[in-house]
Amino acid sequence: MPVTLTFSRLDIDGIDMFVVEEVETFLAIARSGSLAQAARIVHTSQSTVSYRLERLEKRLGRRLVLRARGAKGIGLTAAGQRYRDLAEQWERLVGEAARIRETPHAALAMGGADAISIYIFDSLVSKLRSRLPELRLTLETGRSRALCDRVVAGHLDVAFVFYEPVHTDLRVRPLARYPMLAAVNSPSVDDAYERAAEALPLSALAGAHEIYLPWGPDYDLWRERNLLREPAHSATMVHTLPPLLRTSDCWTVAPSFMAEDLRARTGCRVVPLRDGPPDRTIYWVEHKRRRAGNTAPLRALEDLLDQR
């Protein structure tokens, strides 16, 4: 259960250096290098982020952030870097103080992209709870980029995503690769293909009957190269796919870990695709600085994944 802080600021030598919303906003700016990205991290508007930053700089009497017109990102002044160091110390102290009120049970906040949450978390969470029965879990589902932002901001301990983020505060490692297969609801695709005796040529599938899911930029590039531009249907989330796939002659492309469930739920055939799109890789993403309270759960989670 989250702990609600009952104070809004900490006064040092008569100066309000640490107003909670300002510190959180400043750290989001410093870690993401973008006011727009910071707004998404702290769940507010960009104008509110700018207002909080200006209010903090006015209170301290120092410019903290360098904002050049037309620049892609922002940087910190020398005063901003010093304040970041203090703010991160304050963040850790507030977290430790809050945990004094918590029960001694370990906690873990874990996020996963849509398909990963549905198809990978089921067995993974069961095994993790068997190993750590007192573990308090928080599970989130979202888009890969948003989940990485949540890890940077400290709201998630670990995320499982479909692309490799590049960020100075993140530790990233690949976990597994899954080939992309064609899931086809058509009598023209016979048993030989499903037994993987041969890969199905893309030309055997009508582009006008495609169900599109946004698997990533490399997948979209593959579609463009193969002139797949006008799908019959689009699904933004994996759980909405089965009703569409039950439509006669429709087809889609999905990672191999979805194959068994798609067969069972839709009656489709799942076959290898000749010259298909790149494999999907699942990445482990965590903050470089682990909290003391989540070290044991993360190690247990790593052990389980290494045994897969």
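How do the residues of the lining of the largest cavity divide into nonpolar, polar and charged? The section on the cavity gives the count.

## Overview

The model is predicted. The protein has 308 residues, and 44% of them count as buried. Its secondary structure comprises 12 helices and 14 strands. Among contacts between residues at least 6 apart in sequence, 69% join residues at least 24 apart.

## The largest cavity

One cavity of 30 Å³ or more is present in the structure. The space in the largest cavity amounts to about 30 Å³. Its lining consists of L181, A182, A183, A254, P255, M258, A259, L262 and V270. These residues divide into nine nonpolar, no polar and no charged, which is the answer to the opening question.

At least two lining residues come from each of β9 (180–184), β12 and α11 (259–266). β9 provides the largest share of the lining, three residues.

## The five-stranded sheet

Five strands form an open sheet with mixed pairing, in the order β6-β5-β7-β14-β8. At its edges are β6 (136–141) and β8 (170–178), each of which pairs on one side only. On average, neighbouring strands of this sheet are turned by 20° against each other, direction ignored.

Strand β7 (residues 158–161) pairs with β14 in the antiparallel sense, over four bridges. V161 has Y283 in β14 as its bridge partner. In general, the strands of a sheet pair through backbone hydrogen bonds, in either a parallel or an antiparallel sense.

## Helices on the sheet

Helix α7 packs on the sheet, where it touches β5 (107–112), β6, β7, β8 and β14. The direction of α7 makes about 165° with that of β7. Helix α12 (residues 295–306) lies across β5, β7, β8 and β14, and runs at about 160° to β14. The strands β5, β7, β8 and β14 are thus named for α7 and again for α12.

Helix α7 is mostly covered, with seven of its nine residues buried. The buried residues in α7 are S144, L147, C148, D149, R150, V151 and V152. Just after α7, G154 takes a positive phi of about 90°.

## Q37 and its contacts

Q37 is located in helix α2 (residues 35–41). Its relative accessible area is 14%, so Q37 counts as buried, the limit being under 20%. With neighbours within four places in sequence left aside, Q37 is in contact with S32 and D149. D149 is one of the buried residues of α7, and a contact therefore links a buried residue of α2 to α7.

## The second largest pocket

The volume of the second largest pocket is about 540 Å³. Its lining has 24 residues, and S144, F162, P214, W215 and G216 lie nearest the centre. S144 is also among the buried residues of α7.

Four elements each supply at least two residues of this lining: α5 (114–119), α7 (144–152), α9 (217–225) and β14. β14 gives the most, with three residues. Both α7 and β14 therefore appear in the lining as well as in the packing of α7 on the sheet. By class, the lining of the second largest pocket divides into 11 nonpolar, six polar and seven charged residues.

## Two aspartates with positive phi

D249 has a phi near 75°, a positive value in a residue other than glycine. D249 is found in the loop between α10 (241–245) and β12 (251–255). At 31% relative accessibility, D249 counts as partly exposed, because this value lies between the limits of 20% and 50%.

D275 also has a positive phi, of about 55°, although it is not a glycine. Its place is in the loop between β13 (269–272) and β14 (280–287). The relative accessibility of D275 is 66%, so this residue counts as exposed, the limit being over 50%.

Technical notes. Residues numbered from 1 in each chain as written. Predicted model: local features only at pLDDT ≥ 70, side-chain atom pairs only at ≥ 80, totals over all residues. Heavy atoms only, no water. Buried < 20%, exposed > 50% of the residue type's maximum accessible area, 1.4 Å probe, protein only. 1 Å grid on protein atoms, 1.4 Å probe; cavity = no way out; pocket = protein on both sides within 12 Å on 5 of 7 lines; lining within 4 Å. Points joined across faces, edges and corners; volume = space filled by probe spheres on them. Nonpolar A, V, L, I, M, F, W, Y, C, P; charged D, E, K, R; others polar. Pairing = 2+ DSSP bridges. Axes fitted to C-alpha atoms, helices over the stretch in contact; angles between N-to-C directions. Contact = heavy atoms within 4.5 Å.
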